[in-house]
Amino acid sequence: MKLPENLPRFDSVTPEEAQRLLCTCEYGFMPPRPECVSFSETLGNKEFCAGKAVLHKVTATVENNGKSFSFPFSYVRPNAKESVPAVVLINFRGNIPDLYIPTEELADLCIAVASFDYQEVSPDNGDFESLAGGFLGVDRSDPHAPGKIAIWAWAASIVMDYVEKRPEVDLKNVAVAGHSRLGKTALFAGLHDKRFSFIWSNDSGCAGAALYRGKGGETAEAIHRVFPFWFCPNYANYTASDDAFPFDQHWFLSLLAPRNVYVASAENDLWADPQNELLSCIAATPAFEALGVSGLIGNPEKSEAGLTLHEGTIGYHCRSGEHYLSREDWQKFILYMKKHLK
Ligand code: GTR
């Protein structure tokens, strides 16, 4: 596959500078970690999934300078004797089970899953006053203020604090995952929290895994018109054309090296653009190799349904169908994760 011309080289700046540019031009800076984090369990089900798992209903409370904020999440622990890998899913709903979480199958595969409803952290609109926005004192007159993607990603790290305390979790093997806008969020969470050793971005498209340059479907201009609040205010200065950014999204993937990054596409999801999601994995590969691990292994001619590249530290698949977080996406990701467990 041919990479777009004029793709900014990741090795033209230091990794620190690359991360700073992503924050100042696109997502804003990650909010600081709270001074104090605590958890309370409000309700559980010891006989979950026919007794194969335990459901924990948890409330996270964070505190800073006398201010506090709480949000709920769920944790499903499989009944396994050995330690288990875990996935933190940033989700669209708080339901367990949920159409985006194959809870029982994950329990059968001995994978723990923690999940939360992103809008219980901060609403998916321009409201920065309520919930976490108010707690963090987000000031959108600052051009580099965090957008919603950064705020939701911040919450994923709080959930990770809980996962880190679970004695049954194998902490070398914890993934952060999300679909679509929450796939963009999973990448940002993975960038800032090195405890996530697998970062899975499903159908994340524009401002997610996909390259901006040469992109079909959604562009920076289109996403900014509808969802300006996902980004820092300074993003508006870069959306006029697809080569306005001093970087491209393969820098985002590159900064996750040498950890495992998994990008999943759907063939009919032309708004996200499977080709540019795959090209980004190819363009990020040298940064992984520079750290002594493989990047994407394989020499695909294009992204198409059935393409599964699972050998490298960057994994990729494209399935048939629409924009969705499907059972097939989970099956493929879990296969990949099990293959690369530390
Ligand atoms: C779309 C948006 C995409 C993607 C998607 C989603 O409307 O344009 O970038 O994030 O929403 O999150 O479902």
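Helix α10 (residues 327–339) has 13 residues, which at 1.5 Å a residue should span 18 Å, and its end C-alpha atoms are 18 Å apart, so the two values agree; the expected span is taken as 1.5 Å times one less than the number of residues. Helices here are DSSP runs of H or I with at least four residues, numbered from the N terminus. The model is predicted, so that local features need pLDDT of at least 70 and side-chain atom pairs count only at pLDDT 80 or more, while totals for chains, interfaces and linings use all residues. Residues are numbered from 1 along each chain as its sequence is written, and side-chain values use heavy atoms, with hydrogens and water left out.

The buried residues of α10 are Asp329, Trp330, Lys332, Phe333, Ile334, Tyr336 and Met337, where buried means under 20% relative accessible area (1.4 Å probe, protein chains only). At the N-terminal end of α10, Ser326 acts as a cap, with a side-chain oxygen 3.2 Å from the backbone nitrogen of Glu328.

Phe333 is also among the residues with the most contacts inside the largest nonpolar core, a set of 114 residues in which Phe71, Val87, Phe116, Trp154, Phe188 and Tyr316 are likewise listed. Such a core consists of buried Ala, Val, Leu, Ile, Met, Phe, Trp, Tyr and Cys residues joined through side-chain atoms within 4.5 Å. Helix α5 (residues 148–165) gives the most to this core, with 13 residues. Leaving aside residues up to four places away in sequence, Trp154 touches, among others, Met30, Pro31, Val62, Phe69, Phe135 and Leu136, a contact being heavy atoms within 4.5 Å.

Helix α6 (residues 181–192) is mostly covered, with 10 of its 12 residues buried, and these include Lys184, Leu187 and Phe188. For its 12 residues a span of 16 Å is expected at 1.5 Å a residue, and the end C-alpha atoms lie 17 Å apart, which agrees.

Lys184 also belongs to the surroundings of the ligand, together with Ser180, Arg181, Glu218, Ile223, Phe227, Trp230, Trp271 and His323, each having a heavy atom within 4 Å of the ligand. A side-chain N or O atom of Lys184 is 2.9 Å from an oxygen atom of the ligand, a polar side-chain atom of Glu218 lies 2.3 Å from a ligand oxygen, and for His323 the corresponding distance is 3.5 Å. Taken alone, the ligand exposes 310 Å², of which the protein buries 81%, with areas from the Shrake-Rupley method and a 1.4 Å probe.

Terms used
Buried < 20%, exposed > 50% of the residue type's maximum accessible area, 1.4 Å probe, protein only. Helix = DSSP H or I, 4+ residues; strand = E, 2+ residues; numbered from the N terminus. Polar contact = N/O pair within 3.5 Å; in protein donor to acceptor, adjacent residues only side chain to side chain.
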